[in-house]
Amino acid sequence: SNPILDIKDLHVWYRTYAGFSRVLDGVNLFVEKGEKVGLVGEAGCGKTTTMRSVLRILPEGQSHTPQGAILFHGKNILTMPERDLQAIRAGAVSMIFQEPSAALNPVFTVGTQIADIIRYSLVGKGLAKEKIKEMALQAIREVYIPDAERIFDCYPNQLSGGMKQRICIAMAIVTPRELLIADEPGTALDVTIQDQVHRILKGLVEKKGMSLIMITHSLGVARELTDRIYVMYAGSIVEVAKTGDLFAKPCHPYTLGLMSSVPRLAGGGLAAGIYGHIPDYLKPPQGCRFHPRCPKATPKCQEEKPPMVDLGDGHQVACFLE
Ligand code: SF4
């Protein structure tokens with residue numbers, strides 16, 4: 001296989017007033033061309049930090065030191081010059097965020113904002129204004145907004161949350177991209193609207209042959225949208241499998257806990273089926289970071305970090321019990 005994105009042993013530490021916060025503790029994750037991958041875990045497990053590292057958009061003003069490698073078509077994003085990174089942001093990878101309002105500029109119409117993306121993209125160079133507008137309208141129609149002309153001239157605050165998130169999807173697909181990273185795009189919306197947004201997203205990714213990384217706290221959402229799922233806990237991947245295999249034979253105690261929680265009722269992204277909390281990253285537990293919450297922990301789990309064990313067919317789990 002020849003993945004388009006290959007994250008290898010990614011560590012991210014933040015320097016805080018109280019010391020080093022060791023958020024990512026060796027993340028390994030790859031995405032094949034056209035593949036839809038889920039990255040699942042509770043709020044605070046490091047999903048967003050992982051994906052922000054891919055576009056090098058970690059929070060500014062906080063000192064952080066990513067280590068490891070993030071290979072995009074074999075080139076390391078962590079060390080590439082800003083110019084190459086700009087090209088990836090403008091032409092290869094796009095991201096959809098949890099909160100659509102934060103991604104849209106309130107002082108410009110949505111049409112202007114979509115047109116700007118085209119204008120600054122690789123395909124937009126030298127295109128006539130009318131052609132750009134036509135492409136923008138087409139993108140608005142593709143997210144199932146029928147009255148595209150009217151919406152084109154709206155300001156974000158004139159639209160509902162669901163409409164704004166559709167516009168964000170339109171912005172993410174209006175120019176050709178290889179990879180779309182969606183960070184809990186339905187979280188701010190009610191459940192019905194969230195389902196619509198997810199379905200639109202999935203349909204467009206498939207139609208355009210893009211790869212998708214769907215970040216979510218809900219295994220249920222990941223099950224509906226993805227081919228393969230990475231389960232993340234406290235800064236590491238603890239289990240990965242094809243979506244069907246993960247549900248047929250979940251192995252990691254954390255995955256089992258997530259499955260026994262009711263995703264729709266868990267609300268804030270907490271795993272109701274598991275006792276306790278995500279650890280303090282300033283003083284993460286030694287050994288397996290899950291051991292303080294694990295019903296099956298042994299003394300060894302407190303001392304050594306369990307290695308990834310290969311169960312075959314791409315199913316891997318980081319637990320001494322396997
Ligand atoms: Fe639980 Fe030990 Fe497995 Fe960690 S390694 S998940 S603590 S049994």
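Here are some short exercises on this chain, each with a worked solution, and keep in mind that the model is predicted.

**Exercise 1. Overall build**

Work out how many helices and strands the chain has, and whether it is compact or extended for its length.

*Solution.* Start with the inventory: the chain has twelve helices and twelve strands. Next, take the radius of gyration, which is 20 Å, and set it beside the 20 Å that the globule rule gives for 322 residues. The two values are close, so the chain is as compact as a globular protein of that length. For the outer dimensions, line the C-alpha atoms up along the principal axes, and they fill a box of roughly 65 × 40 × 40 Å. Then look inside: buried residues account for 42% of the 322. Finally, check the contacts with a separation of 6 or more, where 64% come from residues 24 or more positions apart.

**Exercise 2. Two domains and where they touch**

Find the bounds of the two domains, then describe the side of domain 1 that touches domain 2.

*Solution.* First, the split: domain 1 takes in 5–92 + 177–317, while domain 2 covers 97–176. Their C-alpha centres are 28 Å apart. Now count who touches whom: 17 residues of domain 1 are in contact with 18 residues of domain 2. On the domain 1 side, helix H2 (82–91), E7 and H8 supply at least two residues each. H8 gives the largest share, with six residues. Sort that side of domain 1 by class and you get ten nonpolar, three polar and four charged residues.

**Exercise 3. Helix H7**

Is helix H7 mostly covered or mostly bare, and what covers its buried residues?

*Solution.* Begin with the geometry. H7 runs over residues 161–173, and its 13 residues reach 19 Å from first C-alpha to last, close to the 18 Å expected at 1.5 Å a residue. Then go for burial: ten of the 13 residues are buried, so H7 is mostly covered. Among the buried ones are Lys164, Arg166, Cys168, Met171 and Ile173. The cover includes strand E6 (93–96), helices H3 (100–103), H4 (110–119), H5 (129–142) and H8 (191–207), plus E7.

Now zoom in on two residues of this helix. Met171 sits in H7 and has 24 other C-beta atoms within 10 Å, so it is buried. Skip its neighbours within four places in sequence, and its contacts are Gln113, Ile114 and Ile117. Ile173 is also in H7, and it counts as buried because it has 21 C-beta neighbours inside 10 Å. With the neighbours within four places set aside again, Ile173 is in contact with Ala139, Glu142, Leu204 and Lys208. Its C-alpha is 9.6 Å from that of Val143, 30 residues away along the chain.

**Exercise 4. Ala182 and its distant partners**

Why does Ala182 count as buried, and which residues is it in contact with beyond its neighbours within four places in sequence?

*Solution.* Place the residue first: Ala182 belongs to strand E7, residues 179–183. It has 28 other C-beta atoms within 10 Å, and the cut-off for buried is 20 or more, so Ala182 passes. Beyond the neighbours within four places, its contacts are Ile96, Leu201, Leu212, Met214 and Ile215. Take Ile96 as the example: it is 86 residues from Ala182 in sequence, yet their C-alpha atoms are 4.6 Å apart.

**Exercise 5. Two positive phi values**

Compare the surroundings of Glu184 and Asp313: which is buried and which is exposed?

*Solution.* A bit of background: most residues other than glycine have a negative phi. Glu184 has a positive phi, near 45°, and Asp313 has one near 55°. Next, locate them. Glu184 is in the loop between E7 and H8, and Asp313 is in the loop between strand E11 (309–312) and strand E12 (315–317). Last, count neighbours: Glu184 is buried, since 21 other C-beta atoms lie within 10 Å, whereas Asp313 counts as exposed, with 9 C-beta neighbours inside 10 Å.

**Exercise 6. Around the ligand**

How many residues surround the ligand, and which are the closest?

*Solution.* The count is 13 residues, and the closest are Cys288, His291, Cys294, Cys301 and Cys319. Sort the shell by class: ten residues are nonpolar, two are polar and one is charged.

Note on methods. Residues numbered from 1 in each chain as written. Predicted model: local features only at pLDDT ≥ 70, side-chain atom pairs only at ≥ 80, totals over all residues. Helix = DSSP H or I, 4+ residues; strand = E, 2+ residues; numbered from the N terminus. Buried ≥ 20, exposed ≤ 12 C-beta atoms within 10 Å, placed from the backbone. Contact = placed C-beta atoms within 7 Å. Expected span 1.5 Å × (residues − 1). Near = placed C-beta within 6 Å. Nonpolar A, V, L, I, M, F, W, Y, C, P; charged D, E, K, R; others polar. Domains from an automatic or database assignment. Rg over C-alpha atoms; globule rule 2.2 N^0.38 Å.
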